[in-house]
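Colleague: I am new to this model and would like a close look at a single part of it. Please take the largest pocket, and describe what surrounds it as you go.

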Amino acid sequence: MAHHDHGKHGGKSYWLDKKGNVAKVFYALIAVDVLWLAADFLYKKKAEFDAWGGWADGGFGFYPVYGFVGAFLLVLAAKQMRRVLMRSEDYYERRRDGGAS
């Protein structure tokens, strides 16, 4: 595997190269998520279905939980797809040299 020096981009340093800035972005996203969850109290939702006592149709926190579980399952599926779709590092060099794919 090729070694990449992520800290230096042709001598230029970007703001996300600093771990402190990455932490700021991470905590800002958590703060936004908490605000969205708190905003869930500000309006009344009408349940159309009675699944799980109405919680599954817009109950408090349903959509954040639904989104998290969906994203988590998507990551698990992508990890399995990687096993099938991944090629070796010299895949294109072998093809250029006339080797079998």
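Modeller: What follows starts with the chain as a whole, turns to the pocket, and then moves outward from it. The model is a predicted one. The chain has three helices and zero strands, so the pattern along the sequence reads α-α-α. Of its 101 residues, 9% count as buried. The accessible surface comes to about 9,500 Å², and carbon and sulfur atoms hold 66% of that surface. Among contacts with a separation of 6 or more, 12% join residues 24 or more positions apart.

Now the pocket. The largest pocket holds about 260 Å³ of space. Its lining is made up of Asp 33, Trp 36, Leu 37, Ala 39, Asp 40, Tyr 43, Tyr 63, Pro 64 and Phe 68. Helix 1 and helix 2 each supply at least two of the lining residues. The biggest share comes from helix 1, which gives four.

One lining residue, Phe 68, leads on to the aromatic pairs. There are four such pairs in the model. In one of them, the ring centres of Phe 68 and Phe 72 lie 6.4 Å apart with the planes at 20°; stacked means an angle under 30 degrees, so this pair is stacked. Both residues sit in helix 2, residues 62-85. They are four residues apart there, which means that about one helical turn separates them. Phe 68 has a relative accessible area of 61% and is exposed, while Phe 72, at 46%, is partly exposed. Tyr 91 and Tyr 92 make another aromatic pair, this one edge-to-face, with 5.0 Å from centre to centre and 80° between the planes. Tyr 91 is buried, with a relative accessible area of 14%, whereas Tyr 92 is exposed at 58%.

Another lining residue, Tyr 63, leads to the loop between helix 1 and helix 2, where Gly 58 is found. Leaving aside residues up to four places away in sequence, Gly 58 touches Tyr 63 and Lys 45. Gly 58 and Lys 45 are 13 residues apart along the chain, and their C-alpha atoms are separated by 6.4 Å. The relative accessible area of Gly 58 is 7%; the limit for buried is under 20%, so Gly 58 counts as buried.

Last comes helix 1, the helix that gives the most to the pocket lining. Helix 1 covers residues 19-39, and Asn 21 lies in it. Asn 21 is buried as well, with a relative accessible area of 17%. Its side chain reaches the backbone oxygen of Trp 15 at 2.7 Å. Apart from residues up to four places away in sequence, Asn 21 touches Trp 15 and Leu 16.

To put the part you asked about together again: the largest pocket has a lining to which helix 1 and helix 2 each supply at least two residues. From that lining, Phe 68 pairs with Phe 72 in a stacked arrangement, and Tyr 63 is touched by the buried Gly 58 of the loop between the two helices.

Key: Residues numbered from 1 in each chain as written. Predicted model: local features only at pLDDT ≥ 70, side-chain atom pairs only at ≥ 80, totals over all residues. Heavy atoms only, no water. Buried < 20%, exposed > 50% of the residue type's maximum accessible area, 1.4 Å probe, protein only. Contact = heavy atoms within 4.5 Å. Areas by Shrake-Rupley, 256 points an atom, 1.4 Å probe, with all protein chains shown as cover. Phe/Tyr/Trp six-rings, centres within 6.5 Å; stacked < 30°, edge-to-face > 60°. Polar contact = N/O pair within 3.5 Å; in protein donor to acceptor, adjacent residues only side chain to side chain. 1 Å grid on protein atoms, 1.4 Å probe; cavity = no way out; pocket = protein on both sides within 12 Å on 5 of 7 lines; lining within 4 Å. Points joined across faces, edges and corners; volume = space filled by probe spheres on them.
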